[in-house]
Amino acid sequence: MRWLLGGELHPGGAALTRRAFELIGLRADDRLLDVGSGDGASVLLAAGECGCRATGLEYGRGAVAGARHRAVELGVERRVEFVAGDAAALPFADSRFDAVISECSLCTFADKRRAVSEMRRVLRFGGRVALSDVFAEVDSLPEQLRGALGAVACVGEALPRGAHRELLEEAGFEVSAEEDRSADAIEMADRIADRLRGMKIAGLDDMLAIDGGVPAALRLVDEAREAIADGRIGYTLVTAR
């Protein structure tokens, strides 16, 4: 999966993460929390480039262990920590952090409102949050994009356009910026399609563990790209205080 995504686990990759840091004014003296930190890339980016102290919260213990290992390899282990836990019950004290980010993760949370409420709880007064996430008009999508494969693509449980702003406002945040980053999603879809075609040419269909192999995956990517192009699927970056 990492190879198919070209090493970037969310649309926009590190460039969009840097844009989020810019919008929330991340500083060296900030304490940052990444909710749904995955392999820890954004936490390590914050520590390495911004010089701040950063914490990653991830449900999967294997991902947490891997992120800790990468921190040691990069020599930033004293400025970062990685914790296994649930976004709906953050294992941190009130007002602990100056900034929170969550990238392409909210769409996977079972209780999105509770997760955003928890982000607000652990932020100090005046703290900043940046959410980047998939949005989708799920009912208008083909069945494939609403089923199990859609869940893998973070579409099946995605919120509709504008709902991320509303969710933040309901939780007591004041939205400061909202950017449509759907072009980043199209770029990612094109990159995946190119790599799938490479697999097919190389006769590596069996490496893809889905029914129908590479041809089925290519059809799914084509459907997703079409849905992005006509606005039924997109990607957003919302920041708030």
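**View 1. The open sheet of seven strands in the predicted model.** The strands of this open sheet follow the order β3-β2-β1-β4-β5-β7-β6, and their pairing is mixed. At the edges stand β3 (80–84) and β6 (175–180), and because each has a single partner strand, one side of each is left without a neighbour in the sheet. From one strand to the next, the twist averages 15°.

**View 2. The pairing of β5 with β7.** Strand β5 and strand β7 (residues 233–240) run antiparallel and are joined by eight bridges. Within this pairing, serine 132 has leucine 237 of β7 as its bridge partner.

**View 3. Helices α2 and α3 packed on the sheet.** Helix α2 (residues 41–50) packs on the sheet and touches β1 (31–35), β2 (53–58), β3 and β4 (97–103), while the direction of α2 makes about 160° with that of β3. Helix α3 (residues 61–74) also packs on the sheet, where α3 touches β2 and β3, and the direction of α3 makes about 170° with that of β3.

**View 4. The second largest pocket and its lining.** This pocket, with a volume of about 210 Å³, is lined by Arg120, Leu123, Arg124, Phe125, Gly126, Gly127, Gly172, Phe173, Glu174 and Arg241. Strand β5 (residues 123–136) gives the most to the lining, with five residues. Sorted by class, the lining of the second largest pocket holds four charged, three polar and three nonpolar residues.

Notes:
Residues are numbered from 1 along each chain as its sequence is written. This is a predicted model: local features need pLDDT of at least 70, side-chain atom pairs count only at pLDDT 80 or more; totals for chains, interfaces and linings use all residues. Side-chain values use heavy atoms; hydrogens and water are left out. On a 1 Å grid over the protein atoms alone, a cavity is a set of points where a 1.4 Å probe fits but cannot get out, and a pocket is an open set with protein on both sides within 12 Å along at least five of seven lines; lining residues have an atom within 4 Å of a point. Grid points are joined across faces, edges and corners, and a volume is the space filled by probe spheres set on the points. Helices (H or I, at least four residues) and strands (E, at least two) are DSSP runs, numbered from the N terminus. Ala, Val, Leu, Ile, Met, Phe, Trp, Tyr, Cys and Pro count as nonpolar, Asp, Glu, Lys and Arg as charged, and the others, Gly among them, as polar. Two strands pair if DSSP finds at least two bridges between them. Axes are lines fitted to C-alpha atoms, for helices over the stretch in contact, and angles run from 0 to 180 degrees between N-to-C directions. Contact means heavy atoms within 4.5 Å.
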